[in-house]
Amino acid sequence: AKQAGGQNYHYFTDELTRDAVSRFQMENQLRQALLHKEFYLEYQPRISLVDGSVRGVEALIRWQKPDGTRVSPAEFIPQLEEMGLITSVGEWVLHTACLQARSWQQAGLPEFKVSVNLSAKQFVQKDLCQIVDKCLAHAGLDSSFLELEVTESLMIEDLQTSVRMLQNLKNMGISLAIDDFGAGYSSLGYLKHLPVDTLKIDKGFVDDLATDVADAAIVQAVISMAHRMGLEVTAEGVEEPDQLDLLVSLGCEEVQGFYLARPMLPEILEDWLLKPKA
Ligand code: C2E
Ligand code: CA
Ligand code: CA
Ligand code: CA
């Protein structure tokens with residue numbers, strides 16, 4: 001038994017070493033990325049099911065390494081969080097998205113909001129409101145054109161502080177959305193304390209909306225609850241027409257997903273916005 005344990009141990013440390021090495025490599029690459037400006041943003045439209053208009057665009061960070069490979073934000077955002085770099089990258093995202101939104105307005109495009117994802121680490125920054133205010137002022141963007149997306153798991157840790165932060169942002173005139181709603185360890189009870197405008201239903205419930213009765217029931221319940229609480233609902237990850245039809249019939253007001261539009265570079269989005277829709 002001892003022997004076997006020893007072997008397992010070696011196997012385990014090899015794994016750990018490999019993990020540590022690749023993490024170390026990624027950390028170095030991320031530091032380089034920051035220095036050499038390898039990050040950029042794409043924007044995915046959020047479309048109104050009421051009138052088909054573009055209500056907003058969500059800014060999504062992208063990282064292309066010098067060798068051309070791309071890394072998903074789902075992979076490198078958590079790493080940036082651990083490295084303590086998410087606050088500076090997050091501020092860059094906010095800054096860039098506000099400037100972009102303002103430049104679209106100045107180009108005379110129809111007005112829509114820009115949504116920016118906030119990481120938990122940014123949300124607990126004491127000076128978040130000042131940072132947001134600085135980005136808006138620098139871009140000359142009115143706060144009513146900014147929406148911030150936060151996840152629910154982040155709220156539960158310290159409800160009072162979270163509520164205060166959300167209220168301060170709201171008082172500035174910014175819209176607030178709960179991202180990935182239903183995916184985390186949610187407790188419905190706290191939702192009534194959160195001064196948010198929108199619930200974004202997690203893609204996980206939308207995926208099988210047309211085939212799974214339970215998912216359909218959950219989506220229906222979330223929409224009706226949200227409406228009774230005076231909140232709007234955005235469904236994420238809509239990939240098929242059947243999902244869209246169901247969401248319309250359930251009274252969902254806004255959708256986002258590959259079926260309607262993918263995240264796009266600013267130039268591509270501009271062309272897409274001007275192109276007549278079927
Ligand atoms: P998220 O905030 O839930 O963003 C939506 C994700 O779903 C995006 O992935 C988007 O490209 C993808 N998506 C949209 N429609 C569809 C669809 O129809 N089908 C499928 N399969 N996917 C769809 P992305 O861009 O890879 O981002 C992943 C996550 O990384 C985001 O999830 C968000 O949590 C995080 N993230 C992205 N950009 C930022 C950022 O600037 N700051 C922070 N803190 N997190 C970010
Ligand atoms: Ca989001
Ligand atoms: Ca989401
Ligand atoms: Ca997510």
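**Close-up views of ligand 1 and the calcium ions**

**View 1. Polar contacts of ligand 1.** An N or O atom in the side chain of R62 is placed 2.7 Å from an oxygen atom of ligand 1. The model is predicted, so local features need pLDDT of at least 70 and side-chain atom pairs pLDDT 80 or more, whereas totals for chains, interfaces and linings use all residues. Residues are numbered from 1 along each chain as its sequence is written, chains are lettered from A and ligands numbered from 1 in the order written, and side-chain values use heavy atoms, without hydrogens and water. A second oxygen-side contact (a polar contact is a pair of N or O atoms within 3.5 Å) involves N117, with a polar side-chain atom 3.1 Å from an oxygen atom of ligand 1. The backbone also takes part: an N or O atom of the I61 main chain lies 3.1 Å from a nitrogen atom of ligand 1. Taken alone, ligand 1 exposes 800 Å², and the protein buries 79% of that (Shrake-Rupley areas, 1.4 Å probe).

**View 2. The shell around ligand 1.** There are 22 residues around ligand 1 (a heavy atom within 4 Å). R62, N117, D179, E239 and F258 come nearest. Three elements give two or more residues to this shell: β2 (54-64), α2 (73-83) and β6 (175-181) (DSSP runs of at least four residues for helices and at least two for strands). β2 gives the most, with four residues.

**View 3. Calcium ion (ligand 2).** The protein donors (N, O or S atoms within 3.2 Å for Ca, 2.8 Å for metals other than Na, K and Ca) are E58 (OE), N117 (OD1), E149 (OE) and D179 (OD). These atoms lie 2.1 to 2.3 Å from the ion. Along the sequence, the donor residues follow the spacing E-x58-N-x31-E-x29-D. Distant parts of the chain are linked here: N117 in strand β4 (residues 113-117) and D179 in strand β6 are 62 residues apart.

**View 4. Calcium ion (ligand 3) and the bridge to ligand 2.** The protein donors of the calcium ion (ligand 3) are D179 (OD), D180 (OD), E236 (OE) and E236 (OE), at 2.2 to 2.4 Å. Their residues are spaced D-D-x55-E in sequence. D179 in strand β6 and E236 in the loop between β8 (232-235) and α11 (241-249) are 57 residues apart, so-called distant parts of the chain that the pair links. D179 coordinates both the calcium ion (ligand 3) and the calcium ion (ligand 2), which are 3.9 Å apart.

**View 5. Calcium ion (ligand 4).** The protein donors of this ion are D180 (OD) and D180 (OD), 2.8 to 3.0 Å away. D180 lies in strand β6, and D180 (OD) is also listed as a donor of the calcium ion (ligand 3). The calcium ion (ligand 4) is 6.0 Å from the calcium ion (ligand 2).

Technical notes
A polar contact is a pair of N or O atoms within 3.5 Å; within protein, one must be able to donate a hydrogen and the other to accept it, and residues adjacent in sequence count only if both atoms are side-chain atoms.
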